[in-house]
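Open the model in your viewer and keep the selection tool at hand. We will go from stop to stop, and at each one you will find what to pick and what is there.

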Amino acid sequence: MNPWVWSIIAIIAFLLIFYNRSVGKRVGEDIDEIRNSLYELRMSIKSLRADWNLKHAQIQVHVLKMAKKIPDDRDPYFITRDCIACGSCVPECPTNAITESSIFEIDPGLCIACAKCAKVCPVGACVPLTNIDT
Ligand code: SF4
Ligand code: SF4
């Protein structure tokens with residue numbers, strides 16, 4: 001074959017390899033960016049959910065006290081976002097106030113603030129509701 005033809009084929013092959021490499025690199029960077037964005041979104045949802053749970057528990061306690069369902073001086077416990085879902089607190093609770101759905105939660109209507117859950121929690125996630133900064 002004519003040497004010119006070989007030269008042209010070699011140049012085209014080189015350009016194709018170069019193009020594929022730069023496109024591949026860009027795709028890899030885009031995937032990393034999407035992965036980071038998804039992680040941040042997941043963290044934001046988790047944080048929003050924790051805030052919502054806290055507000056919900058505070059309102060529940062307020063309503064329970066207004067309705068005289070629990071004593072005014074009782075400070076039910078709450079499981080914060082620090083929970084690592086180890087499950088150690090569940091069998092300790094004398095009133096079965098702790099349940100696990102997608103997260104561990106305390107029913108403020110059942111909690112008698114005995115602090116037994118807090119004693120076994122490895123990460124200090126069981127705290128009296130009024131001790132939590134909003
Ligand atoms: S403080 Fe006592 S009653 Fe309340 S959730 Fe913890 S273990 Fe149960
Ligand atoms: S003991 Fe603490 S970390 Fe473990 S499930 Fe209960 S609240 Fe979460």
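Start by selecting Lys 68, which counts as exposed because its relative accessible area is 63%; here buried means under 20% relative accessible area, exposed over 50% and partly exposed in between, with a 1.4 Å probe and protein chains only. Before going on, note that this is a predicted model, in which local features need pLDDT of at least 70 and side-chain atom pairs count only at pLDDT 80 or more, while totals for chains, interfaces and linings use all residues. Residues are numbered from 1 along each chain as its sequence is written, chains are lettered from A and ligands numbered from 1 in the order in which they are written, and side-chain values use heavy atoms, with hydrogens and water left out.

**Stop 1: Lys 68 and its partner**

Lys 68 sits in the loop between helix 1 and strand 1 (77-79); helices (H or I, at least four residues) and strands (E, at least two) are DSSP runs, numbered from the N terminus. Check the backbone here: phi of Lys 68 is near 60 degrees, a positive value in a residue other than glycine. Most residues other than glycine have a negative phi. Now add Asp 72, which forms a salt bridge with Lys 68, the closest N and O atoms being 3.7 Å apart. A salt bridge is a side-chain nitrogen of Lys or Arg within 4 Å of a carboxyl oxygen of Asp or Glu. Both Lys 68 and Asp 72 are exposed.

**Stop 2: the other salt bridges**

The structure holds 3 salt bridges. Select Asp 32 and Arg 35, whose side chains meet at 3.5 Å, N to O. Because they are 3 residues apart in helix 1, about one helical turn separates them. Next, pick Asp 51 and Arg 81, a salt bridge with its closest N and O atoms 2.6 Å apart. This pair links distant parts of the chain, with Asp 51 in helix 1 and Arg 81 in the loop between strand 1 and strand 2, 30 residues apart. Asp 51 is partly exposed at 36% relative accessibility, and Arg 81 is partly exposed at 45%.

**Stop 3: along helix 1**

Is Asn 53 buried or exposed? Asn 53, in helix 1, is buried, with a relative accessible area of 14%. Leaving aside neighbours within four places in sequence, Asn 53 is in contact (heavy atoms within 4.5 Å) with Phe 78, Ile 103 and Glu 105.

Now move to Phe 18, also in helix 1 (residues 3-66), which is exposed at 55% relative accessibility.

**Stop 4: the two ligands**

Select ligand 1 and show what surrounds it: of the 13 residues around ligand 1, Cys 93, Cys 111, Cys 114, Ala 115 and Cys 117 come nearest. A residue is near a molecule if one of its heavy atoms lies within 4 Å of it. Then do likewise for ligand 2, where Cys 83, Cys 86, Gly 87, Cys 89 and Cys 121 come nearest out of 13 residues.

**Stop 5: two loop residues**

Pick Ala 85, in the loop between strand 1 and strand 2 (98-100). Phi of Ala 85 is near 60 degrees, again a positive value in a residue other than glycine, and Ala 85 is partly exposed, with a relative accessible area of 47%.

Finish at Leu 110, in the loop between strand 3 (104-106) and helix 2 (116-120). Leu 110 is in contact with Thr 95, Asn 96 and Ala 97, leaving aside neighbours within four places in sequence. Measure from Leu 110 to Ile 70: their C-alpha atoms are separated by 8.8 Å, although the two are 40 residues apart along the chain.
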